[in-house]
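Colleague: I'd like to learn how to read a model feature by feature. Can we take it in short steps?

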Amino acid sequence: GVPVSTAELFALAPVDATPPVVAISFPSPDGLNGWHVTSPVVGMVTADDTTTGGSNITAINCTGATVGSITGLGAPSASASLTVSGEGVNNVNCTATDSAGNSGAGPGSSNMATVQIDSFSPTILITSPTDGGTYTLNAAVASGYSCDDGTSGVATCAGPVTSGANFSTSPVGAHAFTVNATDVAGNPAQATNDYDVIYNFSGFFPPVDNPGPGPTFVFNVAKAGSAIPVKFSLSGNQGLNIFDTGFPVSQQITCDASSTTDVIEQTVTAGSSSLSYDAATDQYVYVWKTNKGWANTCRQLIVQLNDGTPHVAYFTFTK
């Protein structure tokens, strides 16, 4: 045959001048609108040089993701896991290097991907009603709340009323103001402020004196066995079922010689205690029938309403 020179041998040998084909893949988002709500997100990267020169894979490099242990280094095809854990939008780009020194991503590669992660729920701030707050019956008080999500953004934010509108202050008793939110990724959140609604109790009217702020108190002086009209207002007729169960009630207390005393100016005739409402004066009248056996003692009358609030007046009884 015809001898072939060394130069001709090199000329005939194929030259690998193309980087490996690189492909990356990630699972479909488990949230909404292309967002993953579980972190980390684990995918796969492959590098294949069998169609682009047949050289061996020597390295796989990625930005935006952590490359796991590479299987197949030193062979024409290699693969590794890809882990993305950063919250927000992660842009992943992978390249590979072959033994011929080609680095990059060859024709047909799908070596770029965007992985969006939002694994946290939105935050909710309720400024009104305040948690543990107390409001009077039928008071006009504006609500206030907001929702925030710095990653995918807020999709919904809703309370019992639109923020800025008045929240419910009726009926008396315990209330809950709950706000629900979701972000664009589908993460839910909920926050609740508990508050109480009470009557607009104005204090006792004459003939009963209020105890005052202390440290010494006002004691009402009354004849034991008399019927005392205990008057007060709740800003309107709230019906006659205004007392807590078992109230009003009186208890004997120690007389305080340093306290101020004031004689009850008015008593009524009554066989037993009773409650009525006077629309003309917007006053409730609780006729308290006292006991003759209370002479020379002191007592406190506790008028506890069904909103849970106790109101106290002090008495000293004479014969």
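Colleague: Leaving aside neighbours within four places in sequence, which residues is F232 in contact with?

Modeller: First, a caution: this is a predicted model. Now the idea. Skip the sequence neighbours and list what remains. For F232 that leaves F201, S202, G203, F204, F205, I242, F243, D282, Q283, Y284 and V303.

Colleague: Which residues have the most contacts inside the largest nonpolar core?

Modeller: To read a core, look for its best-connected members. Here they are I228, F232, W288 and F315, in a core of 39 residues. Then ask which elements supply it. Those giving two or more residues are β10 (123-128), β12, β14, β15, β18 (227-232), β22 (283-289), β23 and β24 (310-318). The largest share comes from β15, with four residues.

Colleague: How many residues does the second, separate core have?

Modeller: That core has 18 residues, and A47, I57, A78 and L82 are among them.

Colleague: On to disulfides. How many does a search of the whole structure find?

Modeller: Three. Start with the pattern, counting bonded cysteines along the chain. It reads 1-2, 3-4, 5-6. Then take each link in turn: distance, torsion, location, burial.

Colleague: Which cysteine is joined to C62, and what is the S to S distance?

Modeller: C94 is the partner, with S to S at 2.0 Å. The angle about the S-S bond is 110 degrees, and the link of C62 and C94 is right-handed. Next, location. C62 sits in strand β4 (residues 57-63) and C94 in strand β7 (residues 88-98), so this disulfide ties together parts 32 residues apart in sequence.

Colleague: Are C62 and C94 buried or exposed?

Modeller: Both are buried.

Colleague: How far apart are the sulfur atoms of C147 and C157?

Modeller: They are 2.0 Å apart, and the two residues form a disulfide. The torsion about that S-S bond is about 70 degrees, so the disulfide of C147 and C157 is right-handed. C147 belongs to strand β12 (residues 144-148) and C157 to strand β13 (residues 154-158), so the parts tied together are 10 residues apart in sequence.

Colleague: Why does C147 count as buried?

Modeller: Check the relative accessibility against the cut-off. Buried means under 20%. C147 has 16%, so it counts as buried. C157 has 32%, so it counts as partly exposed.

Colleague: Where do C255 and C298 lie?

Modeller: Bond first. C255 and C298 form a disulfide, with sulfur atoms 1.9 Å apart. The torsion is about 110 degrees, so this link of C255 and C298 is right-handed. The pair links distant parts of the chain, 43 residues apart: C255 is in the loop between β19 (249-253) and β20 (260-263), while C298 is in strand β23 (residues 298-304). Burial comes last. C255 counts as partly exposed at 41% relative accessibility. C298 is buried, with a relative accessible area of 3%.

Colleague: Now sheets. In what order do the four strands of the open sheet run?

Modeller: Read a sheet by strand order, then edges, then twist. The order is β11-β15-β14-β13, and the pairing is mixed. The edge strands are β11 (133-136) and β13, each pairing on one side only. From one strand to the next, the twist averages 25 degrees.

Colleague: In which sense do β13 and β14 pair?

Modeller: Antiparallel, over four bridges. V154 has D183 in β14 as its bridge partner.

Colleague: Over how many bridges do β17 and β24 pair?

Modeller: Five, in the parallel sense. A222 stands opposite F317 in β24. Strand β17 (residues 218-223) also pairs with β20, in the parallel sense, over four bridges. There N220 has D262 in β20 as its bridge partner. When you look at side chains, keep one rule in mind. In a regular strand they alternate between the two faces of the sheet.

Colleague: One loop residue to finish. Where does N187 lie?

Modeller: N187 is in the loop between β14 (173-183) and β15 (188-198). Being in a loop does not settle burial, so check the accessibility: at 8%, N187 counts as buried.

Colleague: What does the side chain of N187 reach?

Modeller: The backbone oxygen of D118, at 2.8 Å. Leaving out residues up to four places away in sequence, N187 touches V37, D118, S119, F120, S121, P122, A181 and T182.

Methods:
Residues numbered from 1 in each chain as written. Predicted model: local features only at pLDDT ≥ 70, side-chain atom pairs only at ≥ 80, totals over all residues. Heavy atoms only, no water. Buried < 20%, exposed > 50% of the residue type's maximum accessible area, 1.4 Å probe, protein only. Polar contact = N/O pair within 3.5 Å; in protein donor to acceptor, adjacent residues only side chain to side chain. Contact = heavy atoms within 4.5 Å. Disulfide = S-S within 2.5 Å. Core = buried A, V, L, I, M, F, W, Y, C linked by side-chain atoms within 4.5 Å. Pairing = 2+ DSSP bridges. Axes fitted to C-alpha atoms, helices over the stretch in contact; angles between N-to-C directions.
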